[in-house]
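Here are a few exercises to work through with the model open beside you. Try each task before reading its solution.

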Amino acid sequence: MNTAIIVLLCILVLLVLVVLSTLYVVKQQTVAIIERFGKYQVTATSGIHIRMPFGIDKIAARVQLRLLQSEIVVETKTKDNVFVTLNVATQYRVNEKNVTDAYYKLMKPEAQIKSYIEDALRSSVPKLTLDELFEKKDEIALEVQHQVAEEMSTYGYIIVKTLITKVEPDAEVKQSMNEINAAQRKRVAAQELAEADKIKIVTAASAEAEKDRLHGVGIAQQRKAIVDGLADSIQELKEANISLDEEQIMSILLTNQYLDTLNTFASKGNQTLFLPNTPNGVDDIRSQMLSALKVK
């Protein structure tokens with residue numbers, strides 16, 4: 001009885017070992033490379049699978065199908081002899097239809113991708129100046145992507161995207177570029193300030209000229225109004241049949257105007273006014289006014 005139980009237990013243990021060595025699970029987005037006696041047998045996709053037990057069939061490797069990213073730094077020289085450091089990010093994955101090539105043909109895919117990218121960049125960047133490199137870095141990244149994708153497709157890898165994330169010139173060159181940029185901005189600012197000052201000066205001069213013109217027009221109109229008023233006053237006195245000649249009438253009106261002018265200046269505070277201090281001076285003013293009336 002005891003012997004039968006021991007035999008049964010041995011059989012159960014043997015069955016468990018066979019099952020454990022036969023069944024295996026492959027995770028999602030992963031494939032398993034199965035070898036039989038060291039030779040490729042099959043590629044198992046995600047799920048549960050059966051293999052030959054006791055090491056006859058062996059899982060040689062589990063290959064990721066998910067997107068991977070490799071970041072590398074490349075140092076090269078531009079056309080204008082400036083050394084630059086390029087940070088390049090490459091996204092790649094294994095081609096599901098060519099998993100065996102990805103596993104058996106290439107030992108270190110990341111190192112191989114880096115070598116291809118370095119070679120492509122060192123053949124493209126020296127054709128461009130530093131400014132052109134900054135302007136066309138996306139175009140260069142696309143060109144590098146196409147070159148590397150063509151080479152890596154032979155090994156079962158797909159290059160999804162290649163990006164140049166950073167272009168870093170030599171420290172001294174970078175400082176010089178910043179100084180040049182700052183000088184250019186200062187020059188533009190100085191030009192703008194000078195243009196603004198010019199506009200202010202021109203505007204102020206134009207306003208002053210317009211002010212002087214209007215002031216002159218106002219004085220001319222004022223004088224014309226005075227002359228017209230004197231002429232109207234003389235005409236009214238004539239129509240009133242006052243027995244005075246024009247010179248006498250003008251003398252009376254000028255004297256009255258003279259006194260009104262003195263009152264106007266006196267009412268506005270301290271003013272300086274140069275007037276004739278003799279009766280002959282008043283006669284000169286009267287003579288000038290009479291001449292103006294006659295001309296009119």
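Buried means under 20% relative accessible area, exposed means over 50%, and partly exposed is anything in between (1.4 Å probe, protein chains only). Bear in mind that this is a predicted model, where local features need pLDDT of at least 70, side-chain atom pairs count only at pLDDT 80 or more, and totals for chains, interfaces and linings use all residues. Residues are numbered from 1 along each chain as its sequence is written, and side-chain values use heavy atoms, with hydrogens and water left out.

**Exercise 1. Get an overview of the chain.**

Start with secondary structure: there are eight helices and eight strands. These are DSSP runs numbered from the N terminus, with helices being H or I of at least four residues and strands E of at least two. Next, check burial: 25% of the 296 residues in the chain are buried. Then look at contacts (heavy atoms within 4.5 Å). Of those with a separation of 6 or more, 65% link residues 24 or more positions apart. Finally, the accessible surface is about 20,600 Å², and carbon and sulfur atoms own 56% of that. Such areas come from the Shrake-Rupley method with a 1.4 Å probe; for residues, only the protein chains shown count as cover.

**Exercise 2. Find the largest nonpolar core and the elements that build it.**

First, the rule: a nonpolar core is a set of buried Ala, Val, Leu, Ile, Met, Phe, Trp, Tyr and Cys residues joined through side-chain atoms within 4.5 Å. The largest one has 33 residues, and Leu-86, Ile-117, Leu-121, Val-148, Met-152 and Ile-164 touch the most other members. Now trace where this core comes from: at least two residues each are supplied by strands 2 (30-36), 6 (68-77), 7 (83-94) and 8 (157-169), and by helices 2 (99-104), 3 (109-124), 4 (130-135) and 5 (137-152). Zoom in on Leu-121: ignoring neighbours within four places in sequence, Leu-121 contacts Val-74, Leu-86, Val-88, Pro-126, Ile-140, Val-144 and Ile-164. There's also a second, separate core of five residues, among them Val-26, Ala-32, Ile-34 and Ala-44.

**Exercise 3. Work through three salt bridges and say how covered their partners are.**

A salt bridge here is a side-chain nitrogen of Lys or Arg within 4 Å of a carboxyl oxygen of Asp or Glu, and six turn up by this rule.

- Take Lys-105 and Asp-101, whose closest N and O atoms are 3.7 Å apart. Lys-105 is partly exposed at 46%, while Asp-101 comes out buried at 19%. Asp-101 sits in helix 2; beyond neighbours within four places in sequence, Asp-101 contacts Leu-106, Thr-154, Tyr-155 and Gly-156.
- Go on to Lys-166 and Glu-168, at 3.9 Å between the closest N and O atoms. Lys-166 is partly exposed at 42%, and Glu-168 is partly exposed at 25%.
- Finish with Arg-213 and Glu-210, at 2.7 Å from N to O. Both lie in helix 6 (residues 171-239), three residues apart, which is about one turn of the helix. Arg-213 is partly exposed at 45%, as is Glu-210 at 36%.

**Exercise 4. Which residues form a nonpolar patch on the surface?**

Patches are made of residues with over 30% relative accessible area and no salt bridge, joining like charges within 9 Å and nonpolar side chains (Val, Leu, Ile, Met, Phe, Trp, Tyr) within 5 Å. The members are Ile-5, Val-7, Leu-8, Leu-9, Ile-11, Leu-12 and Leu-15, together offering about 620 Å² of accessible area. To place one of them, Leu-8 lies in helix 1 (residues 2-22).
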